[in-house]
Structures are given as structure tokens and as C-alpha cells.
Amino acid sequence: MGDPVSKGIVDKDSVGLGQRQFHIDIAPGEVSTVALLPGDPFRVPLIAEFLTDVTDVAHKREHRTVTGMYKGKKITATSTGMGCPSTAIAVEELARVGVRSFIRVGSSAGLQPQVNPGDLLISEGSLRNDGTTAAYAHPGYPAVPDLRITVELERAAREIAGRDRSFAVHSGISVSDDAFYAETPAWISQLNSLGILNVEMEASAIYVVARLRGLRAGMICSCSSNLVSGKSLYSGTHEAMKKGWMYSIEAALETAVNLDL
């Protein structure tokens, strides 16, 4: 006769498909096939500054979404909030309404001494120091971005750097941490000794969910501070970081157009 309890258990892999999504409040047909993913909902308007025919799609919880046009390409921007749990929800639900490619545009702290506030950081992979991706995959499963997106992000970023030599472009392995204030000097030193380029809080979830769902993803960040050299956003680097945000958005948009994501 079977277990009567198991007959009523919800399968979250199938629930909600083809419907307005519960957390991001978006329905199929309201977004593009590509989404830029800032963490902060207040950075979504920065992306909108690059777009024409902008439409406010939804703003529920930490997830704010707009769509618009860039060089003939429809673009969606959705904020993920901070950390892997809310980011994984955003990617899962955006995928259910038609998004196939994701580019995170955020801020990140440098872990190597040559990285300065405002520099652009392209991730080639993420050390999974989070709990969310452990719920999805074996600890040895790699958190890696789409190769073509990553290569194009770096190309676009270096092209922008050719116009403005006040910042540099770096690429390497990043780390996604769960607990911002639990990053001790010993942990930062260990990451530095491993050659980790930068630390942030969302990329590993984007990469792992995207790979498991047959999607594409990449990340380009503006450096907010350097946890090794001590150059910090708390000591007058806000303008450099904001300029880096705008350049990272431009590089992501150019990548979306050039790869027809």
C-alpha cells in the first residue's frame, strides 16, 4: 500500500514550474534569457542606467528585478541578496522563468597584495566555503564558471582598462564564504597562501546550481577592499569601488551581447 506520509511530500524540483515564482515574484515571459546578478537591490538601478526601455518587473524581499535593452539585447538584472542561500533561490527561480545565463556583478575583497580597491576581478572558479552548495553536491564537486563567459568577461574588462588605466584587471580563483564576520586573520592568511585572489559570498552557489541545471554562469567584481594590504572601503575608497562597479556592469553587458546569451 505504500507509505501514506511519503505520498504527500513535496518534490521541490518540480513544484512551481511555469508559474509566478514565490520568492522573486516573476512569471515566465517577464525576463530575458540572461540575467546580471548584483547582490544589493540598490545596485539594480546602476545596471538600469546602461539600459533603454527599462521596466520594473518585481521587488520582493531582497530580490529586485528590472529588464531593459542594451545594444539590441534584452537584459534582466536581479539582486540576489547576501550569501549563498538567497542566491541559490534566485538562480533556481530565474531558471524556472526562462533565464539560461547568469553573470554576477558584485563587490569582493582582495586577498593578494597587488589588488587595489576598484580593480576588476574575474573568477575562474570558487573555493566552496559555504553550506548551501554542500546540500547540492559532493564536497569534491567543482564550483566553476562557464569558460566562454569567463574568457569574454576578461577580454571586455581589459578593453575597458585600455581606456582608463587607473585600475587593473585580475583573474584567478575566488572563495565564497558564508560568515562575513567569522573571517579571522588566520583564515585570510591561509587563503592568501593558497593564492586565492578574492573573497565574496555568492559565486559558489551560482556556479554549482548553474552546472547542475544545465545553465551558464560567470562573475566579475569590483574590489571593495584588500584584507591583506589593509586598503579598505572604510578609508575613502568608495569612489574607486563605485567606478569599478560601473565598469564591471559594462563588461558583463558587452559579454551578454557578444556571446548572444
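The second largest pocket comes in at a volume of about 500 Å³. Sitting closest to its centre, out of 19 lining residues, are Lys-12, Val-15, Glu-92, Glu-93 and Arg-96. Keep in mind that this is a predicted model. Here's a quick run through that pocket, the salt bridges, a mostly covered helix and the cysteines.

**The pocket lining**
- Sort the lining of the second largest pocket by residue type and you get 8 charged, 7 nonpolar and 4 polar.
- Glu-92, one of the residues closest to the pocket centre, also turns up in a salt-bridge network with Asp-13 and Arg-213.

**Salt bridges across the sequence**
- The count for the structure is 13 salt bridges.
- One of them joins the side chains of Arg-213 and Asp-13, with an N to O distance of 3.5 Å. Arg-213 is in the loop between H5 and strand E9 (216–226), while Asp-13 is in the segment before strand E1 (34–37), so this pair ties together parts 200 residues apart in sequence.
- As for accessibility, Arg-213 is partly exposed at 32% relative accessible area, and Asp-13 counts as exposed at 51%.
- Another salt bridge pairs Glu-200 with Arg-104, and here the closest N and O atoms are 2.9 Å apart. Since Glu-200 belongs to strand E8 (residues 198–200) and Arg-104 to strand E5 (residues 101–110), the pair ties together parts that are 96 residues apart in sequence.
- Both partners are tucked away: Glu-200 is buried at 4% relative accessibility, and Arg-104 is buried with a relative accessible area of 3%.

**A salt bridge within one helix**
- Arg-155 and Glu-159 form a salt bridge too, their closest N and O atoms being 3.0 Å apart.
- These two residues both lie in helix H3 (residues 147–163), 4 residues apart, or about one turn of the helix. An α-helix has 3.6 residues a turn, so residues three or four places apart point the same way.
- Arg-155 counts as partly exposed at 37% relative accessibility, and Glu-159 is also partly exposed, with a relative accessible area of 48%.

**Helix H5 and what follows**
- How much of helix H5 is buried? Of the 10 residues in this helix (203–212), 8 are buried, so you can call it mostly covered.
- The buried residues of H5 are Ala-203, Ser-204, Ala-205, Ile-206, Tyr-207, Val-208, Val-209 and Ala-210.
- Just after H5, Gly-214 takes a positive phi of about 75°.
- The loop that follows H5 also holds Arg-213, the salt-bridge partner of Asp-13.

**Cysteines without a disulfide**
- How many disulfides does a search of the whole structure find? The answer is 0.
- Cys-84 is in no disulfide, and its nearest cysteine sulfur, that of Cys-221, is 12 Å away. With 0% relative accessibility, Cys-84 counts as buried.
- Why is Cys-221 not bonded to Cys-223? The sulfur of Cys-223 is the closest cysteine sulfur to that of Cys-221, but at 9.6 Å it is too far for a bond, because a disulfide needs the sulfur atoms within 2.5 Å.
- Cys-221 is buried as well, at 0% relative accessibility.

Methods:
Residues are numbered from 1 along each chain as its sequence is written. This is a predicted model: local features need pLDDT of at least 70, side-chain atom pairs count only at pLDDT 80 or more; totals for chains, interfaces and linings use all residues. Side-chain values use heavy atoms; hydrogens and water are left out. On a 1 Å grid over the protein atoms alone, a cavity is a set of points where a 1.4 Å probe fits but cannot get out, and a pocket is an open set with protein on both sides within 12 Å along at least five of seven lines; lining residues have an atom within 4 Å of a point. Grid points are joined across faces, edges and corners, and a volume is the space filled by probe spheres set on the points. Ala, Val, Leu, Ile, Met, Phe, Trp, Tyr, Cys and Pro count as nonpolar, Asp, Glu, Lys and Arg as charged, and the others, Gly among them, as polar. Buried means under 20% relative accessible area, exposed over 50%, partly exposed in between (1.4 Å probe, protein chains only). A salt bridge is a side-chain nitrogen of Lys or Arg within 4 Å of a carboxyl oxygen of Asp or Glu.
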